Amino acid sequence: MEGQYLKNLEIALKNKNVNSTYLTKTKYDELISEVKQLKLKSRGHKLLKKYDVITVSDMEKLIVSVSNEGNDFKYYVFKEELFNIIHDTHLTIGHGGRNRMEYELNKKYKNITRESIMLYLNLCISCQKKGSTAKKGLVVKPIISNELNSRCQIDLIDMQAQPDGNYKFILVYQDHLTKFVLLRPLTHKRAEEVAYVLLDIFTTFGHIYTSDFTK
């Protein structure tokens, strides 16, 4: 994975200019040497406003100038160590996503870009599997009718706001197979009147085996 990451990083860097935030190990060491010399000669040099050098476990590290970042150190990293830093952080936070990775890395490092993080995440097999897992939802089994009048749907439309004389409701009868619709006016939605209208429909077209009644 590290080899593929560095290969992809090299491809991405081909379109970067020489002032890119990415540092090679050679450039990193050159900056450390230059900053150390300038600290002895010229405190006002512009390079010292951006970089500083500290020693950690007998190793010299390039950091952001403390005057720019307050009292907290932020390290610069070179290209060859980029993978290990991102990889260790990713595992520490339990395969966190891009935003979580950016937050954690930016607390300690200065020049780790979103691009370099995404190059890593696109190679993480666990994250790719997690992202491609199909979400299981509610599966609705369709109702299938094979015969006329084997199933129907009955609805009541409330027309009380715009009655037609004594009629205040409309019964809507629809055959499930053919979608054939019958409309019947109702003065009320009492069970007796609904049953009377349905009886008229059934004696005309035949009885229904199953019905879905909504109102």
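The following exchange concerns helix packing and nonpolar cores in a predicted model.

Me: What makes H5 oblique to H6?
Reply: The axes of helix H5 (residues 98-106) and helix H6 (residues 114-121) cross at roughly 130°. Angles over 145 degrees count as roughly antiparallel and 65 to 115 as roughly perpendicular, and the rest, once those under 35 are set aside as roughly parallel, are oblique. The crossing angle therefore makes H5 oblique to H6.

Me: Which residues make the contact of H5 and H6?
Reply: H5 gives Arg98, Met101, Glu102 and Leu105, while H6 gives Arg114, Ile117, Met118 and Leu121. By class, five residues in this contact are nonpolar, none is polar and three are charged. The crossing of the two helices is right-handed.

Me: How do you know that Leu82 touches Ser116?
Reply: Contact means heavy atoms within 4.5 Å, and Ser116 is listed among the residues that Leu82 touches, leaving out those up to four places away in sequence. The others in that list are Tyr5, Leu9, Tyr22, Val77 and Ile112.

Me: Which residues touch the most other members of the largest nonpolar core?
Reply: Of its 24 residues, these are Tyr5, Leu82, Ile86, Leu105 and Ile112. Helix H1 (2-13), helix H4 (79-92), H5 and H6 each give two or more residues to this core. Another core lies apart from it and has 14 residues, including Tyr28, Tyr51, Val53 and Val64.

Me: What makes a residue count as buried, and how many of the 215 residues do so?
Reply: A residue is buried when its relative accessible area is under 20%. On that basis, 32% of the 215 residues count as buried.

Methods:
Residues numbered from 1 in each chain as written. Predicted model: local features only at pLDDT ≥ 70, side-chain atom pairs only at ≥ 80, totals over all residues. Heavy atoms only, no water. Axes fitted to C-alpha atoms, helices over the stretch in contact; angles between N-to-C directions. Helix = DSSP H or I, 4+ residues; strand = E, 2+ residues; numbered from the N terminus. Left-handed = near helix turned anticlockwise from the far one by under 90°. Nonpolar A, V, L, I, M, F, W, Y, C, P; charged D, E, K, R; others polar. Core = buried A, V, L, I, M, F, W, Y, C linked by side-chain atoms within 4.5 Å. Buried < 20%, exposed > 50% of the residue type's maximum accessible area, 1.4 Å probe, protein only.
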